[in-house]
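Me: I have a model open in front of me and would like to learn how to read it feature by feature. Could you take me through it?

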Amino acid sequence: MKYLCLVYCSESTLHSLPDSPRDEECLAYAESVQASGRMVVAEALQSVTTATTVRVRNGKMTITDGPFAETKEQLAGFYLIEARDLNEALQLSAKIPAARVGSVEVRPVRELGVPTQPLDMQEASSP
Amino acid sequence: MAYGQVISAIYRHDSRRVLATLIRLLGDFDLAEEALHDAFTAAIVQWQRDGVPDNPRAWLVSAGRFKAIDNLRRRARFDASQAELARQIEVNAEDRLQDDSEALEDDRLRLIFTCCHPALPPPAQIALTLREICGLTTEEIAHAFLCTPTTVAQRIVRAKAKIRDAGIPYQVPSRDELPERMESVLRVIYLVFNEGYSASSGSALTRVDLSDEAIRIGRLLVGLLPEPEAVGLLALMLLHESRREARVSPTGELVRLSDQDRLHWCQEGIAEGGALVELALKSRRFGPYTLQAAIAAVHAEAASAAETDWLQIIGLYDVLLRIEPSPVAELNRAVAVAMYEGPEAGLALIDALLARGELQDYHLAYAAQADLYRQVGRMNEARAAYRQALAFCVQQPERQFLTRQLDSLG
């Protein structure tokens, strides 16, 4: 099963707490997950101050500054992993260095009942 | 024994075991429950005709599996995916059925850890545990927790959906996962016990059934996985349970530990609980449940409140507070200090606790304070503290007790 592990932290303290991870440690962990064959993709995100929210209502698009909702913790990054079950996903998430100062929300990916086309097929069929 | 009695004895003894194995074989709670029901229905007819088989449990597991495959095949007429599922179960079950009896016992442990998975909300863990492991009905669970059957049913349905959709596995956790997973299992068992022992509201001081169920799961867990804290929790429950009769008066009023008639304490429970405490302490890997059990054991050994080894109790609370700080444990320690050093020393500790802003809505903090004020003759303060206690107390027998204390001060 695929799980999206959303890493939430308070941006103001993410890098300044005694337990705060350094970038090298985060990178090293991502590489170890990659090496274990469980990784689909993982990224760290720019600060929430760079976020823009888009909505479409009645066909009209609106653009607003900032995230959808103001919260104490912000989305700082994510892992998309392939795990045997929730227990394995939780174990992997617990070792994400930022979990020491923030939290990780583990969400199973819902497989939509639509057959996905391989990427190269899509490209081939486009004009 | 009449045939009906034989069947119900087998049902009582084996239905939860069979269910645990069917959940593993079929990979689905609802499918397994349906199969269990079908298997027993078939057994009632066939065993009357052919006699009860040597190994009824194996018969039921096998019959349940075939019934499940039949059910899926029937549904396959409307939903093609069910046929594939039936085929998978048929193939998988062949090798899984070869498992020895140890694997079947493991199924019960798997069921405990799955029902108490910390990824499920705590009320759902409790409902699922009572439903799947103890076999209580939705109505029984609702009655015990003073909520509607619809609420309980919803909790169970949502929990099963999360087990399925989030991929919560049906397995005993690995060594490195065990501590936090065990904690969650023990918490569920203790919550069930406490709900039975001191119902959080309403008129019945104890609900025997829930405490019995909790002790049953505790025994099952200790039998399958004798971790020190599991042993400690079982000891704690047995020691509390041993005082059940003495802690309520014939008129349904709460009787304090110091006033209880110790002849009514159940010696069998004390002996078993005490032996388990020693076993858990010897492991040197004990935790808060074992320490609380050890405190209960010291009380149980004393012939009266005055003859209690209060110094040992204070020492045990000190260790407990080091590994698991809690204001309620601090309050209990303060009461022990009052018994050992005198009421003034206890009052000072409780005042400090309340001044820290802890336990300000906890009725027992004011009740303890009131008792100590009374002992040192500060009657106005004692009255005020009993009134405070009453303001926060919702349980009827305890309210009765506090009211009587207040009235006795004039």
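Reply: We will go from the two chains to their interface and then to single residues, keeping in mind that this is a predicted model.

Me: Let us begin with the fold; how many helices and strands does chain A have, and in which pattern do they follow one another?

Reply: Secondary structure is read along the sequence. Chain A has 3 helices and 6 strands, and from start to end they follow the pattern β-α-β-β-β-β-α-β-α. Among its contacts between residues at least 6 apart in sequence, 76% join residues at least 24 apart.

Me: And how many helices and strands does chain B have?

Reply: Chain B has 19 helices and 0 strands, and its C-alpha atoms fill a box of roughly 80 × 45 × 40 Å along the principal axes. For contacts between residues at least 6 apart in sequence, the share in chain B that joins residues at least 24 apart is 63%.

Me: What part of each chain is buried?

Reply: In chain A, buried residues make up 28% of the 127 residues, while in chain B 50% of the 410 residues count as buried. The accessible surface can be read beside these values: about 8900 Å² for chain A, with 57% of it belonging to carbon and sulfur atoms, and about 19500 Å² for chain B, with 53% on such atoms.

Me: How should I read the interface, and how much area do chain B and chain A bury between them?

Reply: The size of an interface is often given as the accessible area lost when the parts come together. Here chain B and chain A bury about 740 Å² between them, 48% of it on carbon and sulfur atoms. The side of chain B that touches chain A divides into 4 nonpolar, 3 polar and 5 charged residues. In terms of contacts, 12 residues of chain B meet 9 residues of chain A.

Me: How many salt bridges and how many residue pairs in polar contact are found across that interface?

Reply: The rule finds 0 salt bridges between chain B and chain A, but it does find 3 residue pairs in polar contact, counting those with both residues at pLDDT 80 or more.

Me: Turning to single residues, is Asp107(B) buried or exposed, and which side chains does it join in polar contact?

Reply: Asp107(B), in helix α5 (residues 101-115) of chain B, counts as buried because its relative accessibility is 0%, and the cut-off for buried is under 20%. Its side chain is joined to that of Thr21(B) by a polar contact of 2.8 Å and to that of Arg110(B) by one of 2.5 Å. Leaving aside neighbours within four places in sequence, Asp107(B) is in contact with Ala20(B), Thr21(B), Arg24(B) and Tyr170(B).

Me: Where are Asn58(A) and Arg284(B) found, and what is the phi of each?

Reply: Backbone angles are read residue by residue. Asn58(A) lies in the loop between β3 (52-57) and β4 (60-65) of chain A, and although it is not a glycine it has a positive phi of about 50°; at 85% relative accessibility, Asn58(A) counts as exposed. Arg284(B) is in the loop between α12 and α13 (288-301) of chain B, where its phi, near 60°, is again a positive value in a residue other than glycine. With a relative accessible area of 71%, Arg284(B) is exposed.

Definitions and conventions. Residues are numbered from 1 along each chain as its sequence is written. Chains are lettered from A and ligands numbered from 1 in the order in which they are written. This is a predicted model: local features need pLDDT of at least 70, side-chain atom pairs count only at pLDDT 80 or more; totals for chains, interfaces and linings use all residues. Side-chain values use heavy atoms; hydrogens and water are left out. Contact means heavy atoms within 4.5 Å. Buried area is the accessible area (1.4 Å probe) that two parts lose on being put together, summed over both. A salt bridge is a side-chain nitrogen of Lys or Arg within 4 Å of a carboxyl oxygen of Asp or Glu. A polar contact is a pair of N or O atoms within 3.5 Å; within protein, one must be able to donate a hydrogen and the other to accept it, and residues adjacent in sequence count only if both atoms are side-chain atoms. Ala, Val, Leu, Ile, Met, Phe, Trp, Tyr, Cys and Pro count as nonpolar, Asp, Glu, Lys and Arg as charged, and the others, Gly among them, as polar. Helices (H or I, at least four residues) and strands (E, at least two) are DSSP runs, numbered from the N terminus. Buried means under 20% relative accessible area, exposed over 50%, partly exposed in between (1.4 Å probe, protein chains only). Accessible areas come from the Shrake-Rupley method with a 1.4 Å probe; for residues, only the protein chains shown count as cover.
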